[in-house]
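Q: I'm new to this structure and would like to learn how to read side-chain contacts. Can you walk me through them?

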Amino acid sequence: MSLVKLTIKGISYSQTQNGAYALILNEVDGERKLPIVIGAFEAQSIAIALEREIKPPRPLTHDLFKNFADRFDIVVKQVIIHKLVDGVFYSSIICERDKIEEIIDARTSDAIALALRFNAPIFTYKNILEKAGIYLKSNPLEAQNPSKDLGGILSTPETFGKEESNKSEGTYSKQSLSELMELLDGAVQDEDYEKAAKIRDEISKRES
């Protein structure tokens, strides 16, 4: 299967899901975005790695892993988001030591936090991007500094849009596929990334 390289566009805070953030990955040489919901700790770790100028007084968990790997000459060569099941992304970390390559299973948020620290590229398979990628409006100025504001662990001005009740997922399950496609188009136009991701996951479940 063909691999597609991804870059980090930014991190957005969820107004409807306490403690949750959306990591927005951008297709290189393309317009599709891949929103992935992550936790607050992982969002903070990724944001700090993006900023680079901010150094925590003590190593974060991902910094500790990097120090450990450096000590034993382990190199992270790349990260691959290789599977999507029921809205959950699965990733692999491709490592190398003494010219021997190993593949380690990892949560996508952890894998990306480590990829940043090792300056390793991030990939996904073309079929995953076709299934889960969405088209969002992009602003070139935003992409230049994806970790502009770390005060609230926000790395772009692209925060989640309209509030949505906790019953939204149940509502989506009652919609027809054509209705979901219309809702997805509307969410994308409103730049409501969280809503778009949830609708996309519902569509993916039905198409799988």
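A: Let's go through ring pairs, charges over rings and salt bridges, keeping in mind that this is a predicted model.

Q: How is a pair of aromatic rings described?

A: You look at the distance of the centres and the angle of the planes. Here the count comes to one aromatic pair. Phenylalanine 68 and phenylalanine 72 have ring centres 5.0 Å apart and planes at 45 degrees, so we call the pair tilted. That angle is neither under 30 degrees, which would count as stacked, nor over 60, which would count as edge-to-face.

Q: Is phenylalanine 72 buried or exposed, or in between?

A: In between: phenylalanine 72 has a relative accessible area of 41%, so it counts as partly exposed.

Q: What about charges over rings: which residue lies over the face of phenylalanine 118?

A: That's lysine 66, at 5.1 Å from the ring centre. Tyrosine 90 has a partner too: the charged end of lysine 83 sits over its ring, 4.6 Å from the centre.

Q: On to salt bridges. How many are there by the rule?

A: The rule looks for a side-chain nitrogen of Lys or Arg within 4 Å of a carboxyl oxygen of Asp or Glu. In this model the count comes to eight salt bridges. One of them joins arginine 32 to glutamate 27, with the closest N and O atoms 2.9 Å apart. Both arginine 32 and glutamate 27 are buried.

Q: Which residue does aspartate 63 meet in a salt bridge?

A: Aspartate 63 meets arginine 117, at 2.6 Å from N to O. This pair links distant parts of the chain: aspartate 63 belongs to helix H2 (residues 61-71) and arginine 117 to helix H3 (residues 108-117), 54 residues apart.

Q: Why does aspartate 63 count as buried?

A: Because its relative accessibility is 17%, and buried means under 20%. Arginine 117 counts as buried as well, at 13%.

Q: Where does aspartate 98 fit in: which residue is its salt-bridge partner?

A: Aspartate 98 pairs with arginine 97, and their closest N and O atoms are 3.6 Å apart. Aspartate 98 is exposed, with a relative accessible area of 58%, while arginine 97 counts as partly exposed at 40%.

Q: And which residues are linked in a network of salt bridges?

A: Glu42, Arg107 and Asp110 are linked that way. Try finding these three in the structure above, then go back to the ring pair of phenylalanine 68 and phenylalanine 72.

Definitions and conventions:
Residues are numbered from 1 along each chain as its sequence is written. This is a predicted model: local features need pLDDT of at least 70, side-chain atom pairs count only at pLDDT 80 or more; totals for chains, interfaces and linings use all residues. Side-chain values use heavy atoms; hydrogens and water are left out. Rings of Phe, Tyr and Trp (its six-membered ring) pair if their centres lie within 6.5 Å; planes under 30 degrees apart count as stacked, over 60 as edge-to-face and the rest as tilted. Buried means under 20% relative accessible area, exposed over 50%, partly exposed in between (1.4 Å probe, protein chains only). A charge sits over a ring if NZ of Lys or CZ of Arg is within 6 Å of the ring centre and within 35 degrees of the ring normal. Helices (H or I, at least four residues) and strands (E, at least two) are DSSP runs, numbered from the N terminus.
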